[in-house]
Amino acid sequence: MDKKYVVNIGRQLGSGGREIGEKLAARLGIDFYDKELINLASEESGLCREFFEKADEKASQGIIGGLFGMRFPFISDGAIPATNCLSNDALFKVQSDVIRKLASEKSCLFVGRCADYILRDNPRCVNVFISASAEDRIARLCEMHSITRNAAEEMMNRADKRRAEYYNYYSFKTWGAAATYHLCIDSSVLGIDETVNFVEEFVMRKIGE
């Protein structure tokens, strides 16, 4: 039997989702992917990472690349595509292929980027959404970025809107809705480390180990 499995974590900004994901991956002994996917997608496609950074967790906005002029800055001329027009959808496709390839090779944990939808046909996936109270999220963002409460709240609301639009656009499901995931958990209730413990137990039960 195939023992490989994947944990996919969706998260509100400031909920501690990335930290929970990192600690959980270390505890499970599996590879962790968040921003690392940008580098891998860049390497796989031969496109500069700036394209993937610009499109990262953003719904399709038509043609991108205005910052770079008409021709895209490729790593090598051999990677030039048939068209000079590259959309967020095309970049999503490249990143999706990278996620599927990694999941086919080994057990791993992905943060965001619609990984749960991309791997929807994989029976050994555990899909988790991490939320937290507004107060805890604002406090965490203030500490992380040394910003005011107002700035933190604005950052939080902007990120929630962007992530929801991205997820809903590509998955045709609802970001943060309980029916979308196997487990939704409020990290404010147990704290980061106990949330890691709780999710770890859930993962082990879900994959039957």
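**Close-up views of a predicted model**

**View 1. Ser-146, an exposed loop residue.** Ser-146 is exposed, with a relative accessible area of 67%. That value places Ser-146 in the exposed class because the class starts over 50%. The model shown here is predicted. Ser-146 sits in the loop that joins α6 and α7. Its phi is near 50°, a positive value in a residue other than glycine.

**View 2. Phe-172, with positive phi in the loop between α7 and β7.** Phe-172 belongs to the loop between α7 and β7 (183–186). Phi is near 60° at Phe-172, positive although the residue is not glycine. Phe-172 is exposed: its relative accessible area is 69%.

**View 3. The largest pocket.** The space in the largest pocket is about 500 Å³. Its lining counts 24 residues. Leu-13, Gly-14, Met-144, His-145 and Arg-163 lie nearest the pocket centre. Three helices, α1 (17–28), α6 (134–145) and α7 (149–171), each give at least two lining residues. The largest share, 5 residues, comes from α7.

**View 4. Lining of the largest pocket by residue class.** Charged residues number 12 in this lining. Nonpolar residues number 6, and polar residues also number 6.

**View 5. A nonpolar surface patch.** Val-189, Leu-190 and Phe-198 make a nonpolar patch of about 290 Å² on the surface. Val-189 is part of helix α8 (residues 187–190). Val-189 is exposed, at 64% relative accessible area. Val-189 therefore passes the patch cut-off of over 30%.

Conventions
Residues are numbered from 1 along each chain as its sequence is written. This is a predicted model: local features need pLDDT of at least 70, side-chain atom pairs count only at pLDDT 80 or more; totals for chains, interfaces and linings use all residues. Side-chain values use heavy atoms; hydrogens and water are left out. On a 1 Å grid over the protein atoms alone, a cavity is a set of points where a 1.4 Å probe fits but cannot get out, and a pocket is an open set with protein on both sides within 12 Å along at least five of seven lines; lining residues have an atom within 4 Å of a point. Grid points are joined across faces, edges and corners, and a volume is the space filled by probe spheres set on the points. Helices (H or I, at least four residues) and strands (E, at least two) are DSSP runs, numbered from the N terminus. Ala, Val, Leu, Ile, Met, Phe, Trp, Tyr, Cys and Pro count as nonpolar, Asp, Glu, Lys and Arg as charged, and the others, Gly among them, as polar. Patches are made of residues with over 30% relative accessible area and no salt bridge: like charges are joined within 9 Å, nonpolar side chains (Val, Leu, Ile, Met, Phe, Trp, Tyr) within 5 Å. Accessible areas come from the Shrake-Rupley method with a 1.4 Å probe; for residues, only the protein chains shown count as cover. A salt bridge is a side-chain nitrogen of Lys or Arg within 4 Å of a carboxyl oxygen of Asp or Glu. Buried means under 20% relative accessible area, exposed over 50%, partly exposed in between (1.4 Å probe, protein chains only).
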